[in-house]
Amino acid sequence: MKQTALMKYIFPALILVSLSFDAYCLDKIKVLRPLLKSDKRTQHKDEVIYRALESTRSEFGPFTFETIDVDMTPGRAFSSMKTGELINTYVAPGNQLWDQSTIPIKIPIRKGLLSYRLLLINQASLSKFENVKTLDDLNNLTAGLQTNWATTKVFNEAKINMTVSHTFEGLFLMLEKQRFNYIPRAIYEVFDELDNRKSQLKNIIVEPNIALHIPMATFVYVSKNHPEIAKRIEVGLQKMVSTGELQTILDKYYAEDINRANLDARRIIEIKNPYFDGENQTIMENQDLWHQH
């Protein structure tokens, strides 16, 4: 009877300790809310992260996935990730600064689609692109880029002619006024961006024959204060690569864009990205991680 009476008190206490331990160990993932709810890029990356978390529930336990309702530039997001208090998980093109200051998970969640760029141009300049076949030919023209883009850094290092704008919308207005010749945009961005502005920008089109190939990958970065979240997402992404789920989600969002880009029919101009020299070269050698056109 004494043992039974003792267990009457011990068992609820064990439950309380167990629940407290679960709550303490709960992985709390905090990402920025999308600037536009209809932005499929954000929908895609959030689904990939969520599925990576969900697929590791049996190994790592429950989690919460919170979108933080704050407007942030990439620079402010970078600063916030150092503490991991406001946001602790962020998706960005691979670059050395983020690699050094956060925990990079070097599995390209868009399978390198960011590498392929089509050119938004003013249709009045279409003839200028007819004989562009090499990087030297392209460098007779001028690109329009935003100040804080990873692409801007690559173009600068490659000494490609460019004009920079501090605002995204300013680029379109400048192209409409022919302040420069083209804006290079990823194949999953270019069509939506043009369609969304077609009523205001009557003269902008997608150049029909050229694509740039700039090796570039989109990685998940996690605050150094949350290594357990980084490990969990990495394990989840590895599972998604092996099961084909990462490709399935990619196709769900971008298959139409890939078809519209018709890369096989375009002249591909290669632009070197120094980020993929050295240790990052091995990422490009794994064909399971890269889109093959």
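**Strand 11, both faces**

I started with strand 11 and asked which of its residues are buried on each face. On one side I found Thr 218, Val 220 and Val 222, and on the other Phe 219 and Tyr 221, so both faces are covered. That is five of the five residues in 218–222, so I noted strand 11 as largely enclosed by the rest of the structure. A reminder to myself that this is a predicted model.

**The sheet around it**

Next I looked up what strand 11 pairs with. It belongs to an open sheet of three strands, in the order 3-11-4, with antiparallel pairing. Strand 3 and strand 4 are the edge strands, each pairing on one side only. From one strand to the next I get an average twist of 35°.

How many bridges join strand 3 to strand 11? I have five, between antiparallel strands, with strand 3 covering residues 89–93. Val 91 sits opposite Val 220, and Tyr 90 sits opposite Tyr 221. On the strand 4 side (residues 103–105), the antiparallel pairing with strand 11 runs over three bridges. There Pro 104 has Tyr 221 as its bridge partner. I marked Tyr 221 twice in the margin, since it faces Tyr 90 in strand 3 and Pro 104 in strand 4.

**Helix 10 on the sheet**

Then I checked what lies across these strands. Helix 10 lies across strand 3, strand 4 and strand 11, and it runs at about 5° to strand 4.

I picked two residues to follow here. Arg 232 lies in helix 10, which spans residues 227–243. Is Arg 232 buried or exposed? Its relative accessible area is 0%, so I wrote it down as buried. Leaving out residues up to four places away in sequence, I listed what Arg 232 touches: Asp 27, Ala 52, Leu 53, Thr 56, Arg 57, Phe 60, Gly 61, Pro 62 and Phe 63.

Ile 233 was my other pick. With neighbours within four places set aside, its contacts include Val 220 and Val 222, both of which I had listed on one side of strand 11. Ile 233 also contacts Thr 89 and Ile 105, along with Ile 49, Ala 52 and Leu 53. Ala 52 and Leu 53 are on my Arg 232 list too.

**The nonpolar core**

Ile 233 sent me to the largest nonpolar core, which has 85 residues. Tyr 182, Ile 233 and Leu 237 are the ones with the most contacts inside it. Which element gives this core its largest share? I found helix 11 (residues 245–261), with seven residues.

**Helix 8 and its cover**

I moved on to helix 8, residues 168–176, where Gly 170, Leu 171, Phe 172, Met 174 and Leu 175 are buried. What covers them includes strand 5, strand 6, strand 7, strand 8, helix 9 and strand 9. At the start of the helix, a side-chain oxygen of Thr 167 comes within 3.1 Å of the backbone nitrogen of Gly 170.

From strand 9 (residues 204–206) I took Ile 204. I have Ile 204 as buried, because its relative accessible area is 0%. Its contacts, leaving aside neighbours within four places, include Leu 175 and Glu 176. Leu 120, Ile 121, Asn 122, Leu 194 and Lys 198 are on that list as well. I also checked Ile 204 against Lys 224: they are 20 residues apart in sequence and 43 Å apart in space, C-alpha to C-alpha.

**Two positive phi values**

Last, I went through backbone angles. Most residues other than glycine have a negative phi, and I had two exceptions to write up. Gln 178, not a glycine, has a positive phi of about 60°. Gln 178 comes just after helix 8, in the loop between helix 8 and strand 8. At a relative accessible area of 45%, Gln 178 goes in my notes as partly exposed.

Lys 111 is the other entry, with a positive phi of about 50° although it is not a glycine. Where does Lys 111 lie? I placed it in the loop between strand 4 and strand 5. With 11% relative accessibility, Lys 111 counts as buried, because the cut-off for buried is under 20%.

Conventions:
Residues are numbered from 1 along each chain as its sequence is written. This is a predicted model: local features need pLDDT of at least 70, side-chain atom pairs count only at pLDDT 80 or more; totals for chains, interfaces and linings use all residues. Side-chain values use heavy atoms; hydrogens and water are left out. Helices (H or I, at least four residues) and strands (E, at least two) are DSSP runs, numbered from the N terminus. Buried means under 20% relative accessible area, exposed over 50%, partly exposed in between (1.4 Å probe, protein chains only). Contact means heavy atoms within 4.5 Å. A nonpolar core is a set of buried Ala, Val, Leu, Ile, Met, Phe, Trp, Tyr and Cys residues joined through side-chain atoms within 4.5 Å. A polar contact is a pair of N or O atoms within 3.5 Å; within protein, one must be able to donate a hydrogen and the other to accept it, and residues adjacent in sequence count only if both atoms are side-chain atoms. Two strands pair if DSSP finds at least two bridges between them. Axes are lines fitted to C-alpha atoms, for helices over the stretch in contact, and angles run from 0 to 180 degrees between N-to-C directions.
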